[in-house]
Amino acid sequence: MTTATNRHSDRRISPVFIGIVAVAAVTGWATWTGFAEQPGVAVFLFVTAAWIVSLCLHEYAHARTALHSGDISIGAKGYLTLNPLKYTHALLSIVLPVIFVIMGGIGLPGGAVWIERSRIQGRWKHSLISAAGPLTNILFAVVCTAPFWLDALDGVPADFQYALAFLALLQVTAALLNFLPVPGLDGYGVIEPWLSHNIRRQVEPLAPFGLLLVIAILWIPAVNGVFFDVIDSLLRSLGIDEFQTYCGQNLYRFWTETNEYCTVSP
């Protein structure tokens with residue numbers, strides 16, 4: 001009986017996650033209705049809360065896939081509760097990505113859940129576990145952009161459109177960065193099982209620095225320009241233009257001067 005109770009609690013959705021979802025829902029409603037006196041504050045809280053929700057779902061996807069692939073230790077670690085405080089590196093998983101959104105409007109890959117890979121047999125399973133997280137970001141981006149590519153924006157307030165556009169940008173950047181075949185990122189985790197033992201052994205020491213390397217490279221203006229050109233092209237294919245993402249970020253950074261064009265419905 002105790003074991004069954006413990007297993008149930010291991011998978012019960014955390015009140016912390018429910019609280020974050022509630023913040024996203026309330027501030028999303030405030031953004032939609034114009035209830036907030038300062039729309040930028042509502043957009044900031046809505047996008048930040050929704051972004052944290054997506055980070056939790058990203059890690060949950062890794063954990064859930066690992067569970068079904070053979071790592072039965074996942075539940076005891078609290079990864080199935082969607083509680084961001086249970087992650088191995090809460091700073092990397094939540095705090096750092098949120099800081100980067102505030103600073104530069106980029107969906108930084110986070111991590112991580114600790115998976116006991118020795119329990120999992122089969123290279124395809126290992127690859128799928130790594131791919132599950134960024135695939136969740138892609139799904140989140142599809143949901144955010146659905147009103148745009150379905151031409152269902154009639155009646156949708158401009159501020160809410162901008163918030164969704166900016167949130168979609170974060171999801172697309174997170175997915176693209178996560179799928180880079182760089183040690184320490186999910187993209188490398190997808191191909192790692194198919195590499196020779198010698199290559200994996202040589203690359204392994206670089207894993208803790210992979211994310212830092214990506215960040216450093218993105219600071220190079222030419223690389224940054226190419227990266228965001230790719231992001232803009234992907235968003236345009238989903239019905240979102242640069243003006244909408246710009247206004248979303250402009251409203252999100254409410255402590256800066258708001259562009260007057262972003263306060264007028266298109």
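Here is a walk through this structure, from the whole chain down to a handful of single residues.

Let's start with how far to trust what you see. The model is predicted, and its average pLDDT is 88, with 92% of the residues scoring at least 70. One stretch to treat with care is residues 1-6, where the pLDDT is below 50. Apart from near neighbours in sequence, that stretch has 0 contacts in the model. Where pLDDT is low, the predicted coordinates should not be read in detail.

Now for the overall build. If you trace the chain from start to end, you'll pass 11 helices and 0 strands, so the pattern simply reads α-α-α-α-α-α-α-α-α-α-α. With a radius of gyration of 19 Å, close to the 18 Å that the globule rule gives for 266 residues, the chain is as compact as a globular protein of that length. Picture a box laid along the principal axes: the C-alpha atoms fill one of roughly 55 × 50 × 30 Å.

How do the parts of the chain meet each other? Take the contacts between residues at least 6 apart in sequence: 72% of them join residues at least 24 apart. As for what is tucked away, buried residues make up 46% of the 266 in the chain. The accessible surface comes to about 13,700 Å², and carbon and sulfur atoms account for 67% of that. There are also 14 positive and 17 negative charges, and the mean positions of the two groups sit 21 Å apart.

With the big picture in place, let's drop in on some residues, going roughly along the chain. His68 belongs to helix α3, which covers residues 39-69. Is His68 buried or exposed? Its relative accessible area is 60%, and the cut-off for exposed is over 50%, so His68 is exposed. His68 and Lys125 are 57 residues apart in sequence, yet their C-alpha atoms are 9.3 Å apart in space.

After α3 comes a loop leading to α4, and Leu82 is in that loop. Leu82 has a relative accessible area of 8%, and under 20% counts as buried, so this loop residue is buried. There's something else to look at in its backbone. Most residues other than glycine have a negative phi. Leu82 is not a glycine, but its phi is positive, at about 65°.

Further on, helix α4 spans residues 90-104, and Pro97 lies in it. Pro97 is buried, with a relative accessible area of 0%. If you'd like a distance to check on screen, the C-alpha atoms of Pro97 and His58 are separated by 13 Å, with their positions 39 residues apart along the chain.

Next is helix α5, residues 123-149, where you'll find His126. At 14% relative accessibility, His126 falls under the 20% cut-off, so it counts as buried. Which residues does His126 touch, not counting those up to four places away in sequence? They are Arg117, Ile120, Gly189 and Pro193.

Just past α5 is the loop to α6 (158-178), and Asp151 sits there. Like Leu82 above, Asp151 is not a glycine and has a positive phi, here about 55°. Asp151 has a relative accessibility of 68%, which makes it exposed, whereas Leu82 in its own loop is buried.

Moving towards the end of the chain, Leu218 is found in helix α9, which runs over residues 210-218. Leu218 has a relative accessibility of 14% and counts as buried. What is Leu218 in contact with, leaving aside its neighbours within four places in sequence? The partners are Ile106, Leu177, Val223, Asn224 and Phe227. For a long-distance view, look from Leu218 to Ser127: they are 91 residues apart along the chain, and their C-alpha atoms are separated by 26 Å.

Our last stop is Ser237, in helix α10 (residues 221-237). Ser237 has a relative accessibility of 57%, so it counts as exposed. From here you can look back to Gly28, 209 residues away along the chain, with 25 Å between the two C-alpha atoms.

Terms used
Residues are numbered from 1 along each chain as its sequence is written. This is a predicted model: local features need pLDDT of at least 70, side-chain atom pairs count only at pLDDT 80 or more; totals for chains, interfaces and linings use all residues. Side-chain values use heavy atoms; hydrogens and water are left out. pLDDT is the predictor's confidence in each residue, from 0 to 100. Contact means heavy atoms within 4.5 Å. Helices (H or I, at least four residues) and strands (E, at least two) are DSSP runs, numbered from the N terminus. The radius of gyration is taken over C-alpha atoms; the globule rule is 2.2 Å times the number of residues to the power 0.38. Buried means under 20% relative accessible area, exposed over 50%, partly exposed in between (1.4 Å probe, protein chains only). Accessible areas come from the Shrake-Rupley method with a 1.4 Å probe; for residues, only the protein chains shown count as cover. Lys and Arg count as positive and Asp and Glu as negative; His and the chain ends are not counted. The place of a charge is taken as NZ of Lys, CZ of Arg, CG of Asp or CD of Glu.
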